2 protein chains.
Amino acid sequence: MLEYEHLVRKWLKENQTKGIKLLQLLVQENSTRGKESSAQAIMIEKCRQLGLQLDIWEIDHNELVRHPLFFCDRKDFNGNPNVVAVLKGTGDGRSLILNGHIDVVPVGDEQNWKRDPFSGHIEAGKLYGRGSTDMKGGTVALLLALEAIIQSGIHLKGDVLFQSVIEEESGGAGTLATVLKGYRADGAIIPEPTNMKIFPKQQGSMWFRIHVKGKSAHGGTRYEGVSAIEKSMMVVQRLAELEKERNQRITDPLYEKIPIPIPINVGKLKSGNWPSSVPDEAVIEGRMGVAPDETMESAQKEMENCLAQLSKYDSWFLENPPFVEWFGARWLPGNIEEDHPLQKILSESFRDVKKEDPIIEASPWGTDGGILSNVGNIPVVVFGPGITELAHDANEHIVLEEMLQASEIIALTIMRWCEPAK
Amino acid sequence: MLEYEHLVRKWLKENQTKGIKLLQLLVQENSTRGKESSAQAIMIEKCRQLGLQLDIWEIDHNELVRHPLFFCDRKDFNGNPNVVAVLKGTGDGRSLILNGHIDVVPVGDEQNWKRDPFSGHIEAGKLYGRGSTDMKGGTVALLLALEAIIQSGIHLKGDVLFQSVIEEESGGAGTLATVLKGYRADGAIIPEPTNMKIFPKQQGSMWFRIHVKGKSAHGGTRYEGVSAIEKSMMVVQRLAELEKERNQRITDPLYEKIPIPIPINVGKLKSGNWPSSVPDEAVIEGRMGVAPDETMESAQKEMENCLAQLSKYDSWFLENPPFVEWFGARWLPGNIEEDHPLQKILSESFRDVKKEDPIIEASPWGTDGGILSNVGNIPVVVFGPGITELAHDANEHIVLEEMLQASEIIALTIMRWCEPAK
């Protein structure tokens, strides 16, 4: 290992507490959708301290709405900016985007949390709170890596573009805005929670909303009505069968160890507004996984056909076919060659730090990488320290040791990709 | 038929338009929960015109909350009064309560309505709108009957207590308040929509809320979570089996023609708050029918036992048992002897007007009659002109001819029960 690499790793070992404190501060700021501003303020101040060139702007809905890949049901971005902070290189080097999202998903049922979901509590080497794993821990790993390089006095040839974006959890409007603003690079790393696995391929996904009809009646004579809840149970059942069919077709060895490579998740079901009435409508919302080699359109078609077949099982659906909307969020699938230099450098850096081979898999979810690669034509690798299973779960936490290791691996990768200037 | 009875029936025949207009006005006032005031204002003005002794008051939550039969999740009754209007008798006669509720259930999905749900539109002898059948039509039948008697110059021995109450659809706090305020009588008629059948027995019912647990996870790795929607489908399934078991035990011949004498209606299901997350909680709300000879407590126990058995089918429920709350509304079952004089007089009056025998059945739902009989010890018969199947449904309407016939039948019943003074 080269001398400057030693220096950087030494700095990281000596400044672990700094990184942990930054993560704690970030987790303590609730940055669910529409409330990203105070967590972004921490990011902005950190980038200012590092002397990065800051670009802070509010997404202009009117401008983005014309883009065919803008799938977003949010109209008001006021006060919750996107942030890009650039470490300018000396020139003639490969540039690199380091992309993390600041938004976190809702906490769900708070009763399932042992502590305040935004506690940032640390215990036995783990830091707890919504966003710790998905993905403030990954973002802190990026910032620590950058800080170590800067503090070690190393100048790079290529530019490094640190991005703290909003809206990843709702379909990537934040990252789309960065690409449309002209931010491109020769490669990108997104430290989503991969359990320290490297994901050269990412599952795409999109949201669906299915409307199921019933016929209302008084609950005391419920036999006069048709329950939209009962009918929606048949729809959910049918979606489970479709998921099975679609997954039987996946043969990519990168998916070998993944129980359901492209899941269909039913995330919401809402029906009825009165306990004593037979509900006349149900609305199902969920997320459909899309294989890396599949188009969004063909996946949509498949679900629409599947729902159309429901009338074979129940004649109610003949007159009252369920109606599917493709709304809100959409993540494009991603895909880079397995022998791409960025993938190779990252794997090598992993080996140097962890003294073992990385696990290379296909990701079980879409990331903003789909936008970077499909819209910006930027090769993307997804790799990060968070715990995949805990993303979106109660008692979400991160193993701090892994965050710090990821930081070292990313620091090495940045230097090997962007190259130190002489 | 007696001379004064002829007079009253003649008045009713000549003043049909008056009744229809009153109903239209009432239906056009949306009186869903919390918004009862403007429909009550019409009632109050009508009672004033009839010269009745008016008692208009707002329910005092603090006073009622101590009563063991106050099952109500509403705290604010400000501005939405209960109304009792008394036609004082000359004395020594049997008194009669005429009870109608002013509240209506929500309209559900407006798209299912051919017209504005509060249109009061009249077509082919039917008047359309939420509340037309349940039960503003019945209430208008009561008022028309009273008006006919008064306008025909007939004085009665017994008192007639006309009651326009709130909160029937949510468990009867309005009627409970009348009883607790001291309003009692020797009998009561409630013109809920019975399709002109006479119901000496009423099904009781109560609301339940079942909490079902899941385990959240990211939708892309949904196999790491446990879907509360999937688990709640098992609960709904189990409730259907319980309903079957309970109904097999019903042998009362009055229930012979009712497909499901004591239904368990699942009226609401709500689960999840993010399409890309596995939902960790589902809440099911519904209405459980209670047989006339059953106690509320034994029915509750049966459901609780049934849910406890779920763990036999799925070990998830062992660690995460569904939890049932008995919340909000509750209607006590009702029951009078088949040879009770009020039942006999009503049947006789029915025969005189309709020239056919009435159908006598057990009601498929609870009414405020449960409170009148259980708390006030008042014998209650439920009989009214609305269409049972349309209560709580879209495009609710009433056949005006039946409302007018009901009015004649009720006018005769009032006079035969309370007796004209010499």
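These are my notebook entries on a predicted model with chains A and B.

**Entry: chain A as a whole**

I started with the secondary structure and found 13 helices and 17 strands in chain A. Next I looked up the radius of gyration, which is 23 Å against the 22 Å that the globule rule gives for 422 residues, so chain A is as compact as a globular protein of that length. I also noted the extent of the C-alpha trace, about 80 × 45 × 40 Å along the principal axes. For burial, I read that 57% of the 422 residues in chain A are buried. I then turned to contacts with a separation of 6 or more, and 82% of those in chain A join residues 24 or more positions apart.

**Entry: the two domains of chain A**

I checked the domain assignment, which splits chain A into domain 1 (3-202 + 334-418) and domain 2 (204-330). I found 33 Å between the two domain centres, taken over C-alpha atoms. Where they touch, I count 16 residues from domain 1 of chain A and 12 residues from domain 2 of chain A. On the domain 1 side, I see strands S8 (198-202), S14 (334-335) and S15 (360-363) of chain A each giving two or more residues. S15(A) gives the most, with three residues. I sorted that side of domain 1 by class and got six nonpolar, seven polar and three charged residues.

**Entry: how chain B relates to chain A**

I wanted to know how the copies are related. A turn of 179° and a shift of 0.1 Å along the axis lay chain B on chain A with an RMSD of 0.1 Å. I recorded this as the relation of a two-fold axis. I also asked which residue of chain B comes closest to the rotation axis. The residue is Lys270(B), with its C-alpha at 2.3 Å.

**Entry: the interface between the chains**

I looked at the contact next, where 54 residues of chain B meet 54 residues of chain A. On the chain B side, I find at least two residues from each of strand S9 (204-213), helix H7 (228-248), strand S10 (264-271) and strand S11 (281-290). S10(B) gives the most, with seven residues. By class, I get 21 nonpolar, 22 polar and 11 charged residues on the side of chain B that touches chain A. I compared the two sides as well: 100% of the interface residues of chain B are also interface residues in chain A, so the copies meet through the same surface.

**Entry: strand S10 across the interface**

I finished with S10, since I had already met S10(B) as the element giving the most to the chain B side. Strand S10 of chain A (residues 264-271) and S10(B) pair in the antiparallel sense over three bridges. I looked up one partner by name: Ser271(A) is bridged to Leu269(B).

Note on methods. Residues are numbered from 1 along each chain as its sequence is written. Chains are lettered from A and ligands numbered from 1 in the order in which they are written. This is a predicted model: local features need pLDDT of at least 70, side-chain atom pairs count only at pLDDT 80 or more; totals for chains, interfaces and linings use all residues. Helices (H or I, at least four residues) and strands (E, at least two) are DSSP runs, numbered from the N terminus. The radius of gyration is taken over C-alpha atoms; the globule rule is 2.2 Å times the number of residues to the power 0.38. A residue is buried if 20 or more other C-beta atoms lie within 10 Å of its own, exposed if 12 or fewer, and partly exposed in between; C-beta atoms are placed from the backbone. Two residues are in contact if their C-beta atoms, placed from the backbone, lie within 7 Å. Copies are superposed by least squares on the C-alpha atoms of residues with pLDDT of at least 70 in both. Domain bounds come from an automatic or database domain assignment. Ala, Val, Leu, Ile, Met, Phe, Trp, Tyr, Cys and Pro count as nonpolar, Asp, Glu, Lys and Arg as charged, and the others, Gly among them, as polar. Two strands pair if DSSP finds at least two bridges between them.
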